[in-house]
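Hello,

Here is the structure I promised to pass on. Please open it alongside this note, and then read on for what turned up.

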Amino acid sequence: MIKSIVMGIMMLALTGVALATESYDRVLDDMVSGPIAVVVRQKALVSAVARQNQETADYSREQIEALDARWRVELEAEEQPFIDALLERELSQYLMRVQKNSDGWITEIMIMDAKGLNVAQSQATSDYWQGDEAKWQVPFNEGRIHIGDIELDDSTQSVQAQISVPIKDRFSKIIGAATFGISFHP
């Protein structure tokens, strides 16, 4: 299933030719109903995002930027308590297993809250705040799937495209977003 999704994305991104609406819709349907949907519909994932939304609801832009700066500094440091705490979360451990069991197709998974802050991830990302990027903005603000460009990703060091989807609560309200890095050379 993941391989067919990747092939569809490659067709979209590499040819530069728009697929017929019907074919494009089929690729999106495969992504939404396939392995990505299984992950983002997990009750524990939705609960974790909702909990963090309560914690971060009143965060100012300055607080968010300070957390992001702290994350970036820790990436270069020997000790990484902030990063380690996030990676040790049960949800991050689950995402690591999903990535490991994807036979190399999934290079990273990140779950973000209503502010664009990381809730959980399969590995450390290059930054903590995703709220200034389309991978969070499109799914969260517009409720649409976002497919990023094929590129060499800094955090995974692999050629990939990022697929981002909204995370919804049981009332279908968008509460966060999830991004999956999909490799083109597993």
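**The nonpolar cores**

The largest nonpolar core has 23 residues. Those with the most contacts inside it are Leu45, Val49, Ile109, Ile111, Ile167, Ala178 and Phe180. Helices and strands both feed this core: α3 (35-40), α4 (43-56), α7 (90-100), β1 (106-112), β2, β5 (159-168) and β6 (174-183) each give two or more residues. Apart from this core lies another, of 10 residues. Leu67, Trp71, Leu86 and Leu87 are among them. In soluble globular proteins, nonpolar side chains tend to be buried together.

Please keep in mind that this is a predicted model.

What does Ile109 touch, leaving aside its neighbours within four places in sequence? Its contacts are Leu95, Val98, Gln99, Ala120, Gln121, Ser122, Thr179 and Phe180. Phe180 is also on the list of residues with the most contacts inside the largest core.

Thr56 is worth a look too. This residue is found in helix α4. Is Thr56 buried or exposed? Its relative accessibility is 4%, so Thr56 counts as buried. Not counting residues up to four places away in sequence, Thr56 touches Asp113, Lys115 and Leu117.

**The chain as a whole**

The protein chain has 8 helices and 6 strands. Their order from the N terminus is α-α-α-α-α-α-α-β-β-α-β-β-β-β. There are 186 residues, and buried ones make up 47% of them. The chain exposes about 9900 Å². Carbon and sulfur atoms supply 50% of that area. Now take the contacts between residues at least 6 apart in sequence: 58% of them join residues at least 24 apart.

**Aromatic rings**

The whole structure holds 4 aromatic pairs. One of them is Phe82 with Tyr128. The centres of these two rings are 4.9 Å apart, with 55° between the planes, and the pair is tilted. Phe82 lies in helix α6 (residues 81-87), and Tyr128 lies in the loop between β2 (118-121) and α8 (134-142). The pair therefore ties together parts that are 46 residues apart in sequence. Both partners fall under the 20% cut-off for buried. Phe82 has 14% relative accessibility, and Tyr128 has a relative accessible area of 5%.

Trp136 and Phe140 form a pair as well. Their ring centres are 4.7 Å apart and their planes are at 15°, so this pair is stacked. Both residues lie in helix α8, 4 residues apart, which is about one turn of the helix. Trp136 is buried, and Phe140 is too.

Ring pairs also link Trp71, Phe82 and Tyr128 into a cluster. Trp71 belongs to the core of 10 residues as well. What sits over the ring of Phe82? The charged end of Arg70 does, 4.5 Å from the ring centre.

**Salt bridges**

How many salt bridges does the structure hold? There are 6.

Start with Arg70, the residue over the Phe82 ring. Arg70 forms a salt bridge with Glu74, and the closest N and O atoms are 3.6 Å apart. Both lie in helix α5, 4 residues apart, about one turn of the helix. Arg70 is partly exposed, with a relative accessible area of 41%. Glu74 is buried, at 8%.

Helix α5 (residues 61-76) also holds Glu65 and Arg61, again 4 residues apart, about one turn of the helix. Their side chains meet in a salt bridge of 2.9 Å, N to O. Glu65 counts as partly exposed, at 39% relative accessibility. Arg61 is partly exposed too, with a relative accessible area of 49%.

Lys135 and Glu133 make another salt bridge, 3.2 Å from N to O. Lys135 counts as buried, at 9% relative accessibility, whereas Glu133 is partly exposed, with a relative accessible area of 25%. Salt bridges that share partners join Asp68, Arg72 and Asp127 into one network.

Best wishes

Definitions and conventions
Residues are numbered from 1 along each chain as its sequence is written. This is a predicted model: local features need pLDDT of at least 70, side-chain atom pairs count only at pLDDT 80 or more; totals for chains, interfaces and linings use all residues. Side-chain values use heavy atoms; hydrogens and water are left out. Buried means under 20% relative accessible area, exposed over 50%, partly exposed in between (1.4 Å probe, protein chains only). Contact means heavy atoms within 4.5 Å. Accessible areas come from the Shrake-Rupley method with a 1.4 Å probe; for residues, only the protein chains shown count as cover. Rings of Phe, Tyr and Trp (its six-membered ring) pair if their centres lie within 6.5 Å; planes under 30 degrees apart count as stacked, over 60 as edge-to-face and the rest as tilted. A charge sits over a ring if NZ of Lys or CZ of Arg is within 6 Å of the ring centre and within 35 degrees of the ring normal. A nonpolar core is a set of buried Ala, Val, Leu, Ile, Met, Phe, Trp, Tyr and Cys residues joined through side-chain atoms within 4.5 Å. A salt bridge is a side-chain nitrogen of Lys or Arg within 4 Å of a carboxyl oxygen of Asp or Glu.
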